[in-house]
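Colleague: I am new to this structure and would be grateful for a close look at a single part of it. Please begin with one side chain and its surroundings, and then move on to the spaces and the cysteines.

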Amino acid sequence: MSLRANKIDELGLSNTGKIFYHLSYDELYNHENANKEGEVTSLGAFTVNTGIFTGRSPKDKYFVKQNPSQEHIAWGAVNKPITKELFNKLLNKAKKQLSNKDIYIEDVYCGASTASRKNIRFVTEVAWQAHFVKNMFIRPSDKELEKFNPDFVVYNACKCVNEDYKNDGLNSEVFVVFNIEENIAVIGGTWYGGEMKKGIFSMMNYWLPLEGKLSMHCSANVGEDGNTALFFGLSGTGKTTLSTDPKRKLIGDDEHGWDENGIFNFEGGCYAKCINLDPKSEPEIYEAIKKDALLENVVVDKSGIVDFSDASKTENTRVSYPIEHIKNHEPSLMAGHPQNIIFLTADAFGILPPVSKLDKEQAMYYFLSGYTAKVAGTERGVTEPVATFSACFGEAFLPLHPTVYAKLLGEKIDKHKVNVFLVNTGWSGGVYGVGKRMSIKATRTCINAILDGSINKCEYEKLDIFNLNFPKSLNGIESTILNPRNTWSDKTEYDAIRVKLAEMFIKNFKRYSNNGCDYSKAGPKLI
């Protein structure tokens, strides 16, 4: 299939060579090999290295400050402004890089719901990046492509950098910039595939709430009885692993919308962390790594065997694959309104229970707090877990103020009478470096109790200071694990660190005290 000539002219590139439009997986594989962009592993998946950047570059992300979008964007450390003139300079630099050569174009959908989806066009000179896009987004049919008109265009000029960044007042020679009014994004200086994925996620987080629809950083699955569950959490907290369940159909592993009809996936694939991937504990993800999957930054020996335990390149080793590689996925990528919402947090302090049941006010408090630990490698400069607060479990991707998303979530919890739980996939028995990470088996047992409703029949006790209700006993779990204080050998130290963590929560939540979303009474209390 070829791109119409007039559509090529719209890209603003000069003297383009061959236009490789919407290539098949086999064609992309041939190009990746011919271009020597990586190698084939013994599992059948192609593997590439993303260079010096093996995670996102959040400090290099900017939006053009102009009307009307500037009235909606929450400006600050997450959403930094640039001028239209500087954006055009970087756009022209990217177009120059992509001119006078062969390029790859992928037209895809973001959003399974036809009422909410956006048509996205990606332009790149690297075959594996086109492969990544094909994996991660929803693939239109040939008939749909004939009438495809992009709502938004991404120029990925990863091979060019901005040498003038200091004079331009930017953070580095890397740039990820958005012009909302012109519906264009430009990437330069970084090869990391996740910039494309999360860039469009940021835009969906701008568009949908303004339409009264909730955009969410969460995974989702559905049971045979239509019981839908959402799993919120930052990268590394278990969204992909815990939503991939042989007994339930996977809707998606990372990004979703929630409208009047229910839940819908933004994407058509999964992007899983694969450091220390174990085929016994995560068989569905392991089996998804085959032909058409794309591995990033893994260590491979001369015979093509992947060492998933080797973090010498990065802790953030990744694999992208079409959702069809998960046998038990939901083909429509949609489901009804959820019955259960699960907030996943990797508590690096080892203070929180493995599972707690939240009331409505607590749900709003912990959603806005978004407490977790940044896992090593997810962002540049992060080499070990660091406790952090990320509003709505994804503040780095929220162009609007966090309370916009929180208010929408609260309305939907009330309307659909949703149960909400906080699940700690982090540490137990001590802080990071002393205690142990919660086992996937134990966490799955907690999740299963939520999904089958048995947790609602438990007798609960309350965690001091945090006032979190956790079950006294749970089938399949040692009762000592359920109360985190019992797992510490030094109870006095646990009590001291619990106070320290509570202080962090209280300090963080002060940012919401004057904006109509003050749920501080539902959080930790220090006497």
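Modeller: In this predicted model, a polar atom of the Ser-369 side chain lies 2.8 Å from the backbone oxygen of Tyr-365. Ser-369 belongs to helix α10, which covers residues 360-369. With a relative accessible area of 1%, Ser-369 is buried. Leaving aside residues up to four places away in sequence, Ser-369 touches Phe-389, Ser-390 and Ala-391, and also Phe-505, Asn-508 and Phe-509.

From this side chain one may turn to the enclosed spaces. Searching the whole structure gives four cavities of 30 Å³ or more. The largest cavity holds about 50 Å³ of space. Its lining is made up of Phe-201, Asn-205, Ser-215, Met-216, His-217, Phe-367, Cys-392, Gly-394, Leu-398 and Tyr-405. Two elements, α7 (194-207) and β11 (214-222), each give two or more residues to this lining. Of the elements, β11 gives the most, with three residues. Sorted by class, the lining of the largest cavity has six nonpolar and four polar residues, and no charged ones.

Among the residues that line the largest cavity is Cys-392, which leads to the question of disulfides. The count of disulfides is zero. For Cys-218, the closest cysteine sulfur is that of Cys-392, and the two sulfurs are 12 Å apart, so they are too far from each other for a bond. Cys-218 is buried, at 0% relative accessibility. The sulfur of Cys-158 has its closest cysteine sulfur in Cys-160, at 8.3 Å, and this pair is therefore also too far apart for a bond, given that a disulfide needs the two sulfur atoms within 2.5 Å. Cys-158 is likewise buried, with a relative accessible area of 3%.

The open spaces complete this view. The second largest pocket has a volume of about 220 Å³. It is lined by 13 residues, of which Met-438, Ser-439, Ala-442, Glu-478 and Ile-481 are the closest to its centre. Both β28 (436-437) and α12 (440-451) supply at least two residues of this lining, and α12 gives the most, with three residues. The lining of the second largest pocket is divided by class into four nonpolar, five polar and four charged residues, whereas the lining of the largest cavity has no charged residues.

Note on methods. Residues numbered from 1 in each chain as written. Predicted model: local features only at pLDDT ≥ 70, side-chain atom pairs only at ≥ 80, totals over all residues. Heavy atoms only, no water. 1 Å grid on protein atoms, 1.4 Å probe; cavity = no way out; pocket = protein on both sides within 12 Å on 5 of 7 lines; lining within 4 Å. Points joined across faces, edges and corners; volume = space filled by probe spheres on them. Helix = DSSP H or I, 4+ residues; strand = E, 2+ residues; numbered from the N terminus. Nonpolar A, V, L, I, M, F, W, Y, C, P; charged D, E, K, R; others polar. Buried < 20%, exposed > 50% of the residue type's maximum accessible area, 1.4 Å probe, protein only. Polar contact = N/O pair within 3.5 Å; in protein donor to acceptor, adjacent residues only side chain to side chain. Contact = heavy atoms within 4.5 Å.
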